[in-house]
Amino acid sequence: MQTMSLFRKTSHQESGFYALFLTNRIQMLYYMIVMPSAHVQPYMLLAIVAMGIASQFCLYMLSKWFATPYSAQGYQGFERLFGKTGIKIIALASLPLLLLKISFITISYAEIMQQFVFPSMDREWHIVFPFILSCYLAMFGMENMVRFVTLVFIGTIWIFFLYIPFFWVQSNSIHDIYPLIPIGPEPFAWKSLLLVFSSFSGPEFLIAISYWLNPQRKMLKYLTIANAISVGEYLFISIASLLFYGSKYLPTIKYPNVEMGRYLQSPVFERVDIILISAYSFSFLYSIALFVLLIYGASRFLGKTKTNTTRIGLIVSGCAAMAVTLPISKWFWEPGLEQAFWLDLQMWSGSATYLFVPLLVWIAIKRKARTTS
């Protein structure tokens with residue numbers, strides 16, 4: 001099998017904007033799937049702001065990693081900071097988290113495709129084809145993947161502009177987004193907060209690809225801008241949904257963002273919602289390709305890291321992710337169960353990794369600094 005340099009690095013140019021685009025697109029990965037149907041009450045708009053501030057705290061800890069010399073050293077930097085045993089433990093723990101994230105994203109997107117675009121096609125085919133495309137994309141290597149995020153950002157950031165017409169509907173009223181402060185105690189409000197916080201998760205995986213981001217001390221600025229853009233997009237789309245559906249009718253809509261696309265009129269395209277779903281696939285396919293590369297990299301940490309990367313190794317990693325996703329879709333993703341179990345599982349795991357991974361790295365950096373001083 002022909003050897004490949006999937007994890008090579010040839011460029012040393014400043015790449016803060018790559019980190020900005022990566023952070024923003026990964027944070028916006030769930031907005032069409034779980035939001036704003038989770039924000040059925042107007043006061044949850046304040047929850048977006050609050051969780052955006054909490055997200056900024058996690059990004060602050062993440063920036064401390066980028067400011068250290070370890071982040072620019074690749075595997076050697078992780079080895080100096082955690083040791084060989086620590087790297088293997090972290091790699092082993094990351095594999096099920098990555099597989100869960102891939103499975104949740106893939107099946108959710110496959111459901112959208114089946115419901116709105118190809119209703120006669122089995123959901124499993126909507127899983128197989130994106131995996132093939134994502135594995136092909138991943139074969140270009142990590143360095144090219146980091147650069148490709150610029151096209152992904154440009155190809156998807158315009159989506160939220162589609163929702164501007166919903167702000168100008170004559171029946172809209174400012175009272176539709178009241179009250180911003182809950183009148184009485186709301187059951188399970190903490191769960192909604194956790195769901196919003198998990199929707200901001202994903203940038204913690206930038207730690208694994210910091211070697212290709214050419215880390216610098218100004219990285220916090222780019223991460224902050226990305227987080228602010230994500231908060232703005234979430235607020236914009238959630239307000240548009242509340243104005244269009246109202247807080248009483250919104251809980252009955254499973255994919256409000258996509259359903260709203262059906263009401264958009266265009267002199268060129270009859271189904272604007274299909275354009276929206278197709279544009280969203282840029283972020284979806286890119287994220288799956290990136291996560292497959294991370295799975296392959298983590299599996300190499302568990303084995304012989306000195307061996308050359310190969311196409312067969314990457315394909316095996318992609319097939320392993322697909323082998324986990326297909327059974328979940330076929331036998332365990334039943335109506336209602338995806339909300340009662342899989343969404344909760346993704347919510348807890350995403351929140352936990354977003355909080356504890358940067359915290360763990362930050363503590364390790366502080367501890368290393370004390371031992372070397």
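Here are some questions and answers on how labels were assigned in this predicted model.

Q: Why is the pair of F166 and F244 called edge-to-face?
A: Their planes sit at 70° to each other, with 4.9 Å centre to centre. Ring centres within 6.5 Å make a pair, and planes over 60 degrees apart count as edge-to-face, so the label follows.

Q: What makes this pair a link between parts of the chain?
A: F166 is in the loop between α6 and α7 while F244 is in helix α8 (residues 219-245), so the pair ties together parts 78 residues apart in sequence.

Q: Why does F166 count as buried, and what does F244 count as?
A: F166 has 4% relative accessibility, and buried means under 20%. F244 comes in at 26%, which falls between the 20% and 50% limits, so F244 counts as partly exposed.

Q: Why is the pair of F167 and F236 called tilted?
A: The ring planes are at 40° and the centres 4.7 Å apart. Stacked needs planes under 30 degrees apart and edge-to-face needs over 60, so what's left is tilted. With F167 in the loop between α6 and α7 and F236 in helix α8, this pair ties together parts that are 69 residues apart in sequence.

Q: How do you know that R25 and E233 form a salt bridge?
A: The N to O distance is 2.9 Å, and the cut-off is 4 Å between a side-chain nitrogen of Lys or Arg and a carboxyl oxygen of Asp or Glu. R25 belongs to helix α1 (residues 16-27) and E233 to helix α8, 208 residues apart. Both residues are buried, too.

Q: What makes R147 and E143 a salt bridge?
A: Their closest N and O atoms are 3.7 Å apart, and the rule asks for within 4 Å. Both lie in helix α6, four residues apart, or about one turn of the helix.

Q: Why is R147 called partly exposed, and E143 buried?
A: R147 has 33% relative accessibility, between the 20% and 50% limits. E143 has a relative accessible area of 10%, and under 20% means buried.

Q: How do you know that K221 lies over the face of Y222?
A: K221 is 4.9 Å from the ring centre, where the distance limit is 6 Å; the rule also wants the charge within 35 degrees of the ring normal. The pair is listed as lying over the face.

Notes:
Residues numbered from 1 in each chain as written. Predicted model: local features only at pLDDT ≥ 70, side-chain atom pairs only at ≥ 80, totals over all residues. Heavy atoms only, no water. Phe/Tyr/Trp six-rings, centres within 6.5 Å; stacked < 30°, edge-to-face > 60°. Helix = DSSP H or I, 4+ residues; strand = E, 2+ residues; numbered from the N terminus. Buried < 20%, exposed > 50% of the residue type's maximum accessible area, 1.4 Å probe, protein only.
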